[in-house]
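Visitor: Could you walk me through this fold before I set anything up? I'd like to start with the sheets and then get to the packing.

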Amino acid sequence: MATAVQSKEEWWASKEKEPEGLLRTAGQVDWKDPGLEDKTSSVIHIVDYLIEEAIRRRASDIYVDPQKDAVLIRTRIDGLLKSLCLLPRSLQAPLISRIKVMARMDIAEKRLPQDGRMKASFGKRRLDLRVSVIPALYGEKAVLRLLDVDATSIPLESMGCTHDTYEKLLSMIEKPQGVIFITGPTGSGKTSTLYACLNHIKSENINVITLEDPVEYEMEGVTQIAINEKIGLTFTETLRSVLRQDPDVIMVGEMRDTETARIAMQASLSGHLVFSTLHTNDSVSAVTRLLDMGIPPFLIASSLSGVLAQRLVRVICPRCKETYQPSLEERIQLGIGPQDDLGPLYQGRGCSYCDLTGFYGRTGIFEFFNLDEDIRTLINSGAPDSLIREKAQANGMQPLRKAGLIKIKEGKTTPKEVLRVTTR
């Protein structure tokens with residue numbers, strides 16, 4: 001049975017660890033000076049509380065946004081930003097200083113952006129926090145990204161792929177050579193998929209080396225290199241050196257320039273399996289992106305094994321799940337005819353368990369672009385991506401929106417959620 005709906009005020013009133021006199025729900029700005037005798041110890045307490053509360057709420061990021069009259073604290077939960085609380089404006093500077101101390105930054109430097117890291121634990125969970133601080137109009141803004149240390153152990157089969165896509169991806173990553181791209185916007189789970197792929201194929205019999213900026217998760221049995229362009233440790237120069245280490249598998253965090261892409265794709269022709277990411281709207285657009293970077297069509301056609309495009313959609317909360325009827329506009333956008341029977345569709349009403357959002361957790365939807373001889377011929381001949389996409393779909397490629405429709409039919413997500421993250 002679904003739990004009763006709680007108002008935001010009731011939810012906050014139930015929190016026992018709220019620092020008295022300091023935190024308020026977002027939207028309230030009429031602050032009174034708490035008159036603290038020891039502000040330093042209070043700031044330490046507040047930062048610890050914010051991190052613990054973000055972990056408890058399953059947040060992936062904490063945002064410390066200085067405003068004119070207050071400091072807005074927000075968290076990113078299941079991909080969307082949500083206001084957590086407001087703090088007095090007087091706490092902005094000590095709050096940022098405390099975060100800088102924890103992340104081993106220079107607390108005296110307030111004019112330039114800085115990056116740092118810290119560690120945290122919550123119960124049995126161990127987390128790395130990647131911290132970024134930048135100067136803004138009303139003071140320095142900080143963003144803390146929470147990275148689960150155990151995220152690299154996520155099995156590939158639990159990423160959310162359909163059985164058919166999973167089998168195709170498995171056959172591709174188990175090949176001894178070729179280039180495999182994971183594509184999608186920032187925050188679509190590309191890095192997690194890369195780590196899941198590496199975790200599946202790594203063994204004591206193969207030499208796996210990664211180039212990352214920065215290294216997000218530590219993985220045992222894998223040589224991980226943190227790129228540092230300030231000292232000349234660039235993707236291009238590091239990749240050249242890595243090839244002299246006789247690697248079997250190479251993971252390049254992101255293809256950012258033509259020379260890195262060219263070296264990586266040439267490396268695949270000499271017997272290396274290469275993983276990397278690209279920022280494109282779908283899988284077929286990876287070919288266009290590589291062409292725009294100056295990679296010759298023959299090199300793309302001969303080295304590219306396949307492309308996996310992905311998005312993350314929020315999962316309906318299991319405790320307040322209820323049936324509903326999609327609107328006519330939603331049916332049209334999803335390509336559902338009036339006569340098509342989808343069975344019962346679901347949405348989340350919103351409860352205290354999901355923090356009134358109607359969603360709890362996320363899962364992936366995937367579009368797998370597998371290159372066969374016909375598609376390689378089209379790439380070599382300079383065919384437009386529309387023609388390549390048409391041929392790929394004729395060969396069984398399932399567009400992202402169709403993959404999302406499967407999740408809708410399974411009762412895992414909603415039409416609005418799929419339409420939010422897909423374009424076709």
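Guide: What follows goes through the sheets, the helices on them and the nonpolar cores, and please keep in mind that this is a predicted model.

Visitor: Okay, which strands make up the seven-strand sheet, and in what order?

Guide: The order is β9-β8-β10-β11-β7-β12-β15, and these seven strands form an open sheet with mixed pairing. The edges are taken by β9 and β15 (359-370), each of which has a single partner strand, so one side of each is left without a neighbour in the sheet. From one strand to the next, the twist averages 20°.

Visitor: And β8, is that strand buried or exposed?

Guide: Five of the five residues of β8 (residues 208-212) are buried, so the strand is largely enclosed by the rest of the structure. V208, T210 and E212 point one way while I209 and L211 point the other way, and all are buried.

Visitor: E212 catches my eye. Which residue stands opposite E212 in β9?

Guide: That is A226, and the two strands, β8 and β9 (residues 223-226), pair in the parallel sense over four bridges. β8 is also joined to β10 (residues 249-252) by four bridges, again running parallel, with V208 standing opposite V249.

Visitor: What comes after β10?

Guide: β10 is joined by four bridges to β11 (residues 273-278), and these two strands run parallel; within that pair, V252 stands opposite S276. Helix α6 (residues 235-242) packs on the sheet, where it touches β8, β9 and β10, and its direction makes about 170° with that of β8. Helix α7 packs on the sheet as well, touching β7 (178-183), β10, β11 and β12 (304-316), with its direction at about 135° to that of β7.

Visitor: Which residues of helix α4 are buried?

Guide: In α4 (residues 163-173) the buried residues are T165, Y166, L169, L170, M172 and I173. They cover an arc of only 160° around the axis, which puts them on the same side of α4. The elements covering these buried residues include β7, α5 (190-201), β11, β12 and β15.

Visitor: Switching to hydrophobics: which residues touch the most other members in the largest nonpolar core?

Guide: L304, F369 and I388 do, in a core of 37 residues, and the helix that gives the most to this core is α7 (residues 258-269), with four residues. Leaving aside neighbours within four places in sequence, L304 is in contact with V179, F181, M265, V287, L299, L371 and R376. There is also a second, separate core of 31 residues, which includes I51, A54, A59 and V133.

Visitor: Any general reason to expect nonpolar side chains to be buried together?

Guide: In soluble globular proteins, nonpolar side chains tend to be buried together.

Visitor: Back to sheets, then. How is the six-strand one ordered?

Guide: The six strands form an open sheet in the order β3-β2-β1-β6-β5-β4, and the pairing is antiparallel. Its edge strands are β3 (80-88) and β4 (114-122), each pairing on one side only, and the twist averages 20° from one strand to the next.

Visitor: Does that one have a helix too, and what does β1 pair with?

Guide: β1 (residues 59-66) pairs with β2 (residues 70-77) in the antiparallel sense over seven bridges, and the bridge partner of P66 in β2 is V71. As for the helix, α3 (residues 92-102) packs on the sheet, touching β1, β2, β3, β4, β5 (125-136) and β6 (139-148), and its direction makes about 40° with that of β6.

Key
Residues are numbered from 1 along each chain as its sequence is written. This is a predicted model: local features need pLDDT of at least 70, side-chain atom pairs count only at pLDDT 80 or more; totals for chains, interfaces and linings use all residues. Side-chain values use heavy atoms; hydrogens and water are left out. Buried means under 20% relative accessible area, exposed over 50%, partly exposed in between (1.4 Å probe, protein chains only). Two strands pair if DSSP finds at least two bridges between them. Axes are lines fitted to C-alpha atoms, for helices over the stretch in contact, and angles run from 0 to 180 degrees between N-to-C directions. Contact means heavy atoms within 4.5 Å. A nonpolar core is a set of buried Ala, Val, Leu, Ile, Met, Phe, Trp, Tyr and Cys residues joined through side-chain atoms within 4.5 Å. The arc is that of the directions from the helix axis to the C-beta atoms.
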